[in-house]
Amino acid sequence: MKYEISITKTTTPAAKPADESKLGFGKIFTDHMFIMDYNEGQGWHDARIVPFGPLPIHPASTVLHYGAEIFEGMKAYRQANGDIALFRPMENIRRLNNSAERLCLPQLDEEGCLDILKTIVELEKDWVPHSEGTSLYLRPYLFGNDPHLGVHAVKNAMFVVICSPVGAYYAEGIKPVKIAIESEDVRAVRGGTGYAKCGGNYAASLRAGKKAEEKGYTQVLWLDGVERKYIEEVGAMNVMFKIDGTIITPALTGSVLPGITRKSCVELLKSWGYNVEERLFSVDELFGAAESGHLEEAWGTGTAAVVSPIGHLSYKGNVYEVSNNEIGALTQKLYDELTGIQWGKVEDKFGWIEFVCRG
Ligand code: PLP
Ligand code: COI
């Protein structure tokens with residue numbers, strides 16, 4: 001089912017970024033945004049694309065007090081043949097609905113949501129950057145918007161999509177990042193909201209992230225919230241380790257975000273004949289492998305971060321260097337294959353690319 005979308009174009013379009021090497025991540029926004037309202041009686045209604053600008057929010061809105069917010073992160077790519085395409089968008093849409101279910105927010109029609117994403121990307125197609133390593137990042141988000149202070153499942157909500165031309169998420173680009181394993185704060189627990197992409201998970205992560213940054217680390221690697229022993233994920237990425245030729249990645253136990261890049265990397269690695277173990281993986285096992293020289297490579301996977309080599313791991317004062325702080329051969333191969341598919345330079349054998357429009 002498609003939502004009926006009205007389009008009001010801006011009369012004051014902004015200039016596109018002149019130097020794409022300075023895009024960074026999420027600092028520039030396109031000319032338009034998508035908004036749709038929900039209430040219990042009408043369901044989703046008033047789907048509209050309007051000029052980019054502030055949202056009018058009631059001061060008592062649920063999102064401002066109780067954090068009823070979920071979001072997605074996905075990218076539109078300018079492909080080698082000139083097409084603009086999305087990467088596995090249905091995976092994001094399904095995850096958005098799973099997150100909505102966890103926070104008692106309303107569901108979106110899957111086909112309708114895909115149509116919304118394609119409509120805004122097509123309207124903003126000139127904002128999809130051209131240079132290697134760049135893309136148009138889409139941030140769909142959905143929040144509870146009841147104008148009163150009682151704590152209840154919401155009756156009013158808003159769905160918004162904003163778009164931002166981006167380059168690399170980390171200032172390091174594809175160079176190895178330094179990751180601090182957090183031993184005090186936890187990000188999520190089983191039964192909580194870890195598997196949902198909700199704003200609160202990120203708010204809870206900020207203190208440890210700030211502490212790590214002050215010590216010169218790029219991001220935090222979280223351990224499980226109960227035993228503080230098993231590796232879960234990084235602030236904005238899932239993690240994978242290559243040990244004696246086998247790939248180990250933490251299992252999706254409920255407190256880890258089921259990353260779409262993670263899923264794609266697992267599928268690619270298996271198609272290349274690698275043994276991939278999705279299981280509980282303790283920090284002791286990781287450092288045992290590091291100390292005995294069996295840890296060959298470590299990397300993170302995520303839409304924003306793509307495939308990002310991990311060069312340093314620190315835990316309770318001990319620091320381990322991985323792959324001599326250089327990008328490992330398999331990390332590079334995964335990065336090349338994945339971005340090759342996304343930018344239409346490598347055959348899309350898995351059917352992951354969703355055509356949007358001609359560029
Ligand atoms: N884990 C967290 C906490 C994230 O924020 C992200 C980014 O979206 C990921 C993992 C990777 O997920 P995906 O590959 O779907 O972007
Ligand atoms: C993404 O990779 O899309 C993310 O959501 C990461 C982030 C900036 C929170």
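A polar contact here is a pair of N or O atoms within 3.5 Å. With that cut-off in hand, let us look at the largest pocket of this predicted model and at the two ligands it holds.

**The pocket**

The largest pocket has a volume of about 590 Å³. Its lining counts 34 residues, and those closest to the centre are Tyr 169, Tyr 202, Gln 219, Gly 235 and Ala 236. Two or more lining residues come from each of β7 (135-144), α5 (206-214), β10 (219-223), β11 (231-234), α6 (260-271) and β15 (295-302). Helix α5 gives the largest share, with 4 residues. By class, the lining has 15 nonpolar, 12 polar and 7 charged residues.

**Ligand 1**

The space that ligand 1 takes is this largest pocket. Which elements give two or more residues to the shell around ligand 1? They are β11, α6 and β15. In total 17 residues surround ligand 1, and Tyr 202, Glu 233, Ile 260, Thr 261 and Thr 303 are the closest. The shell divides into 6 nonpolar, 7 polar and 4 charged residues.

Three side chains make polar contacts with ligand 1, as the table below sets out: Arg 95, Glu 233 and Thr 303. Glu 233 meets a nitrogen atom of the ligand, whereas Thr 303 meets an oxygen atom, as does Arg 95. Of the 380 Å² of accessible area that ligand 1 has on its own, the protein covers 97%.

**Ligand 2**

Ligand 2 also sits in the largest pocket. Around it are Phe 25, Phe 71, Gly 73, Tyr 137, Arg 139, Tyr 169, Lys 197, Tyr 202, Ala 236, Thr 303 and Ala 304. This shell has 7 nonpolar, 2 polar and 2 charged residues.

Here the polar contacts draw on both side chain and backbone: Tyr 137 uses a side-chain atom, while Thr 303 and Ala 304 each use a backbone N or O atom. The protein covers 89% of the 290 Å² of accessible area that ligand 2 has on its own.

**Polar contacts with the ligands**

| Residue | Part of residue | Ligand atom | Distance |
|---|---|---|---|
| Arg 95 | side chain | oxygen, ligand 1 | 2.8 Å |
| Glu 233 | side chain | nitrogen, ligand 1 | 2.5 Å |
| Thr 303 | side chain | oxygen, ligand 1 | 2.6 Å |
| Tyr 137 | side chain | oxygen, ligand 2 | 2.6 Å |
| Thr 303 | backbone | oxygen, ligand 2 | 3.5 Å |
| Ala 304 | backbone | oxygen, ligand 2 | 2.8 Å |

Thr 303 is worth a look in the viewer: its side chain contacts ligand 1, and its backbone contacts ligand 2.

Terms used
Residues numbered from 1 in each chain as written. Chains lettered and ligands numbered in written order. Predicted model: local features only at pLDDT ≥ 70, side-chain atom pairs only at ≥ 80, totals over all residues. Heavy atoms only, no water. 1 Å grid on protein atoms, 1.4 Å probe; cavity = no way out; pocket = protein on both sides within 12 Å on 5 of 7 lines; lining within 4 Å. Points joined across faces, edges and corners; volume = space filled by probe spheres on them. Nonpolar A, V, L, I, M, F, W, Y, C, P; charged D, E, K, R; others polar. Near = heavy atom within 4 Å. Polar contact = N/O pair within 3.5 Å; in protein donor to acceptor, adjacent residues only side chain to side chain. Areas by Shrake-Rupley, 256 points an atom, 1.4 Å probe, with all protein chains shown as cover. Sits in = over half its atoms within 2 Å of the grid points.
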